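Me: I am new to this structure and would like a close look at the lining of its largest pocket. Which element gives the most to that lining, and how do the residues of the lining divide?

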Amino acid sequence: KIVGLAAYGDAEKLAPVLRERVRVVDGDVHIAGAMDLAFVRTLADRFAKRDVAAAYQLVLEEIAQDLAKHWLAETGLRNICVSGGVHANVKLNQRLREVRGAASVFVYPNMGDGGCATGAAWLAHDPAELKNLTTDNVYHGPDYTEPQIRSAIEKAGLDYETPDDIHD
């Protein structure tokens, strides 16, 4: 929602204020008054929502780039791998790709807490086992046949229709 609305706002109306509240220190994000709901409500009351969204989007991109730069320099690695809900933000991921020294950016397909759990599970394995690990597709959930789907819909007492050409 923020990235969509941000496209219509003027980030510089509030970005300086947000930059004072959020910064990267030794690879960690420091947020002054992170739980200060009065601050956020004040912004929402006094400024156009599109300008608030634009400022948060811009500062998010800047902070993420600062983190990436720090950890690329600290580790000597060149590939960035990210997970978590914030990475459903395509513009943020584009900005990470622009970081000097980044050879690639991989956004784990589970852009939620599950992505972090998967990363923790991979971390627990011997790195040699993961060296050639690939993700051929993101469809790791269950499959349902058309009769199973129809049965579940009918059992729930829901109306449905079956189009002749589902793709259309």
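Reply: With eleven residues, α4 gives the most to the lining of the largest pocket; helices here are DSSP runs of H or I with at least four residues, strands are runs of E with at least two, and both are numbered from the N terminus. The model is predicted, so local features need pLDDT of at least 70 and side-chain atom pairs count only at pLDDT 80 or more, while totals for chains, interfaces and linings use all residues. Residues are numbered from 1 along each chain as its sequence is written, and side-chain values use heavy atoms, with hydrogens and water left out.

The helix α4 spans 49-75. At least two lining residues each also come from α1 (2-6), α2 (15-21), β2 (28-31), α3 (37-46), β3 (79-82) and α5 (90-97). The pocket they border has a volume of about 820 Å³. Of its 37 lining residues, Val29, Leu60, Ile63, Ala64 and Leu67 are the closest to the centre. A pocket is defined on a 1 Å grid over the protein atoms alone, as an open set of points where a 1.4 Å probe fits, with protein on both sides within 12 Å along at least five of seven lines; lining residues have an atom within 4 Å of a point. Grid points are joined across faces, edges and corners, and a volume is the space filled by probe spheres set on the points.

In character, the lining of the largest pocket divides into 27 nonpolar, seven polar and three charged residues. Here Ala, Val, Leu, Ile, Met, Phe, Trp, Tyr, Cys and Pro count as nonpolar, Asp, Glu, Lys and Arg as charged, and the others, Gly among them, as polar.

The second largest pocket offers a useful companion view. About 630 Å³ of space lies in this pocket, and 18 residues line it, with Cys81, Val82, Phe106, Gly119 and Trp122 nearest its centre. The strand β3 supplies at least two of its lining residues, as do β4 (104-107) and α6 (113-123). Five residues from α6 form the largest share of this lining, which divides into nine nonpolar, nine polar and no charged residues.

As for the setting of both pockets, the protein has eight helices and four strands. Its radius of gyration is 21 Å, well over the 15 Å that the globule rule gives for 168 residues, so the protein is more spread out than a compact globule. That radius is taken over C-alpha atoms, and the rule is 2.2 Å times the number of residues to the power 0.38.
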